[in-house]
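User: I have a model open and I'd like to learn how to read it feature by feature. Can you walk me through it?

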Amino acid sequence: MIEGLVQYDIPFTKVEEHVMKWAAEALDLRHGDAGDPDGPLGLLPVDATVHDMALYLHRLKTRVDRVDYLILQALQAKGKAARAYQGANFKYEKQFDEASNRVRSKKLFEDYSSGKERASEATLEVFDQKRLAYQADRLAKIATEAYDVIKEVKWQLEAMRKDVRASLHGLQFTTSIEN
């Protein structure tokens with residue numbers, strides 16, 4: 001396991017599982033009911049009252065708060081995964097260079113071997129580290145994707161909130177003119 005990925009040495013698959021759950025939860029907050037007894041967020045009816053809009057804004061705010069938390073979690077995971085990849089890749093490249101030098105010096109006194117053969121032999125020596133670097137890179141890309149999804153959900157919820165607030169403001173203005 002790569003040092004520094006997570007504090008308690010959690011395998012990549014567990015981290016990936018958490019990150020994907022956060023993205024799925026964010027999508028549920030935007031498009032699903034997210035445990036809300038009133039169901040998914042839809043469009044407010046045209047004849048919505050001030051009270052209806054205030055309740056809708058409260059539902060939106062609750063979801064936005066949760067998405068804010070998910071964004072922070074995903075951002076931390078993204079940073080940790082990127083650092084894990086950098087560390088694993090550095091270690092792989094260092095081990096590969098050392099293995100290449102060993103193979104090259106060993107082959108000097110033996111029969112001819114091509115550069116591809118020597119590179120293959122060096123790669124085989126550090127295959128486990130190469131796999132770890134690949135897994136860390138994959139995790140970094142998944143964490144980045146989850147962060148982007150959650151950030152997009154946040155943007156959409158904020159846009160919905162802005163629209164409702166503008167409608168509420170317009171309704172209050174219209175009501176004040178009529179009175």
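User: How do the residues of the lining of the second largest pocket divide into nonpolar, polar and charged?

Analyst: Keep in mind that we're looking at a predicted model. To read a pocket's chemistry, sort its lining residues by class. Here the lining has nine nonpolar residues, two polar ones and no charged ones. The list runs Gly42, Leu43, Leu44, Pro45, Val46, Ala48, Met53, Tyr56, Met160, Val164 and Ser167. Gly counts as polar in this scheme, so Gly42 and Ser167 are the polar pair.

User: How much space lies in that second largest pocket, and which element gives the largest share of its lining?

Analyst: The volume comes to about 170 Å³. For the walls, ask which elements the lining residues belong to. α2 (50-107) and α4 (127-178) each give at least two residues, and the largest share, three residues, is from α4.

User: Let me zoom out. How many helices and strands does the chain have?

Analyst: Four helices and zero strands, so in the DSSP-based scheme used here the order from the N terminus is simply α-α-α-α.

User: What share of the contacts in the chain is between residues 24 or more positions apart?

Analyst: The idea is to take contacts with a sequence separation of 6 or more and ask what portion joins residues much further along. For this chain, 75% of them link residues 24 or more positions apart.

User: And what percentage of the chain's residues is buried?

Analyst: Of the 179 residues, 33% are buried. On the outside, the chain exposes about 11800 Å², with carbon and sulfur atoms supplying 56% of that area.

User: Which residues touch the most other members of the largest nonpolar core?

Analyst: When you read a core, look for its best-connected members. This one has 41 residues, and Val19, Trp22, Leu60, Val67, Ile150 and Leu157 touch the most other members. Elements giving two or more residues to this core are α1, α2 and α4, with the largest share, 16 residues, coming from α2.

User: What is Trp22 in contact with, leaving aside its neighbours within four places in sequence?

Analyst: Trp22 contacts Leu70, Gln73, Ala74, Ala77 and Ile150. Ile150 is also on the list of core residues that touch the most other members.

User: Back to the pocket: is Val164 buried or exposed?

Analyst: Compare the relative accessible area with the cut-off. Val164 has 7% relative accessibility, so it counts as buried. Val164 sits in helix α4 and touches Leu44, Met53, Tyr56, Leu57 and Leu60, not counting residues up to four places away in sequence. With Leu44, the sequence gap is 120 residues, yet the C-alpha atoms are 8.3 Å apart.

User: Now a charged residue. Is Arg161 buried or exposed?

Analyst: Buried, because its relative accessibility is 19% and the cut-off is under 20%. Treat that as a borderline-style reading exercise: check the number as well as the label. Arg161 belongs to helix α4, and beyond residues up to four places away in sequence, it touches Leu57, Leu60, Lys61 and Val64.

User: How far apart are the C-alpha atoms of Arg138 and Glu16?

Analyst: They are separated by 9.3 Å, although the residues are 122 apart along the chain. Arg138 is in helix α4 and is partly exposed, with a relative accessible area of 40%. Thr13 and Gln135 make a similar case: 122 residues apart along the chain, with 9.3 Å between the C-alpha atoms. Thr13 lies in helix α1 and is exposed at 55% relative accessible area.

User: What is the phi of Ala34 near?

Analyst: Start with the background: most residues other than glycine have a negative phi. Ala34 has a positive value, near 50°. Ala34 is in the loop between α1 (12-31) and α2 and is partly exposed, with a relative accessible area of 29%.

User: Where does Asp38 lie?

Analyst: Asp38 is in the loop between α1 and α2. With a relative accessible area of 58%, Asp38 is exposed. Asp38 and Arg59 are 21 residues apart in sequence, and their C-alpha atoms are 9.0 Å apart.

Notes. Residues are numbered from 1 along each chain as its sequence is written. This is a predicted model: local features need pLDDT of at least 70, side-chain atom pairs count only at pLDDT 80 or more; totals for chains, interfaces and linings use all residues. Side-chain values use heavy atoms; hydrogens and water are left out. Buried means under 20% relative accessible area, exposed over 50%, partly exposed in between (1.4 Å probe, protein chains only). Contact means heavy atoms within 4.5 Å. Accessible areas come from the Shrake-Rupley method with a 1.4 Å probe; for residues, only the protein chains shown count as cover. On a 1 Å grid over the protein atoms alone, a cavity is a set of points where a 1.4 Å probe fits but cannot get out, and a pocket is an open set with protein on both sides within 12 Å along at least five of seven lines; lining residues have an atom within 4 Å of a point. Grid points are joined across faces, edges and corners, and a volume is the space filled by probe spheres set on the points. A nonpolar core is a set of buried Ala, Val, Leu, Ile, Met, Phe, Trp, Tyr and Cys residues joined through side-chain atoms within 4.5 Å.
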